[in-house]
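This report introduces selected parts of one protein structure to a reader who has not met it before. Please view the sequence and the model together while reading.

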Amino acid sequence: MLRVLQETGSTISDGGKHYGYMLIDINTYAGICYDSDSHFYSSGAAAAAFIIGTLNADATSLSNSGEEFQIVAANGSSSQETYTNLMNTYGFTGMNQWLNAGGIDPSIDGYGAAFLSAEDLSRIWLKNYQYFTTDSNGSTVETWFQSPSDSPIRTALGSKYTTWSLPGNYTGGSDATDYDTTVDAGIVSSGSSPYGIAIISDYAAQPDKLVPLVQALDAVHTELMSAAGLS
C-alpha cells in the first residue's frame, strides 16, 4: 500500500507540483502523512472552519443565516459572494475561536481564506466532526457537507461511504502563482472506523488530479484497520 501511495504521489511531483496530505483514524489515531506541515493557499476550504466556528459561537446564526451557510458548504470556492456576505455579517470571531481550539493560528485574509497545511485542515475537521456528533444542531449541519461540488473526496469515495468535505480550488494567474491551489479535506465514514483526510496541493484548480490520491489513502486506511484487527 505504501508503494501504491508513493507511485500515486509521484504522478503529482513528476508534473512539477507540490502536495501534502494527512489521514487520521478518529477512533485509534492511527494514520499516515506526507509533508503535512507545508502551507498552501486554502481558498474556499477554510470556509469549513468559518461555518462551524460561527455556528458554535452564535447559536442564532443557524436560524438567521442557515440557508446561506448551506450554500457555501455546498459550493465552496464558487460561492464567494454569499461567503462574503456572511463574513460581513458575523466577522471572524467564531472562526478564530474554532481555529484556536484546534491549535491553529493562521492569518485569515479578507476573503476568508488562509495559508493552511494538511495538518491544519485535519485539525479543523476533527473539530467539525466533534460538532457534528455532540452539538444539538450537528445532525442538521453535517448534511450540508455531504455533496459539495468539485470535491475529490466526494468524487472518489461518495458512492462507497458517507463523506463530509469542503474543497478549495483557485487559480492565481501568472502573477500570483502562490495562490494556485487544489485542496480538499473532510471526514470519511468508513463503517465503524471513520477517518479525517486532508490533501493540499499547488495545482491551479484541478480537483480531478487529487482523486487517485484519495483512493490510495482510503486503501491505506483499510490496511491499517485490518492490521489492527478492526476491519
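## Strand β7 and its partners

The model discussed here is predicted. A good place to begin is a pair of residues on two strands: A185 stands opposite A198, which lies in β8. Strand β8 covers residues 195-201, and seven bridges join this strand to β7 in the antiparallel sense. The two strands, β7 and β8, form a hairpin with six residues between them. Within that turn, S190 has a positive phi of about 45°.

Strand β7 also pairs with two further strands. Strand β5, made up of residues 163-165, runs antiparallel to β7 and is connected to it over three bridges. In this pairing, S165 is found opposite G186 of β7. Strand β6, residues 168-170, is likewise antiparallel to β7, with three bridges between them. Here G168 has V183 of β7 as its bridge partner.

## The surroundings of β7

Is strand β7 enclosed or open to its surroundings? Eight of the eight residues in this strand, which spans residues 181-188, are buried, so β7 is largely enclosed by the rest of the structure. A residue counts as buried when its relative accessible area is under 20%.

## Helix α5: a buried face

Helix α5 comprises residues 93-101, and its buried residues are G94, M95, W98 and L99. Viewed down the helix axis, these buried residues fall within an arc of 130°, so they line one face of α5. The spacing of such a face has a general background: an α-helix has 3.6 residues a turn, so residues three or four places apart point the same way.

On the other side of α5, T93 and A101 are exposed. The cover over the buried residues of α5 includes three helices: α2 (47-57), α4 (80-90) and α6 (118-134). Just after α5, the backbone at G103 takes a positive phi of about 80°.

## S122 in helix α6

Helix α6, which is among the elements covering the buried residues of α5, contains S122. Which residues does S122 touch, leaving aside those up to four places away in sequence? The contacts of S122 are with M22 and A198. The second of these, A198, is the residue of β8 that stands opposite A185.

S122 has a relative accessible area of 3%. The cut-off for a buried residue is under 20%, so S122 is classed as buried.

Definitions and conventions. Residues numbered from 1 in each chain as written. Predicted model: local features only at pLDDT ≥ 70, side-chain atom pairs only at ≥ 80, totals over all residues. Heavy atoms only, no water. Buried < 20%, exposed > 50% of the residue type's maximum accessible area, 1.4 Å probe, protein only. Helix = DSSP H or I, 4+ residues; strand = E, 2+ residues; numbered from the N terminus. Pairing = 2+ DSSP bridges. Arc of directions from axis to C-beta. Contact = heavy atoms within 4.5 Å.
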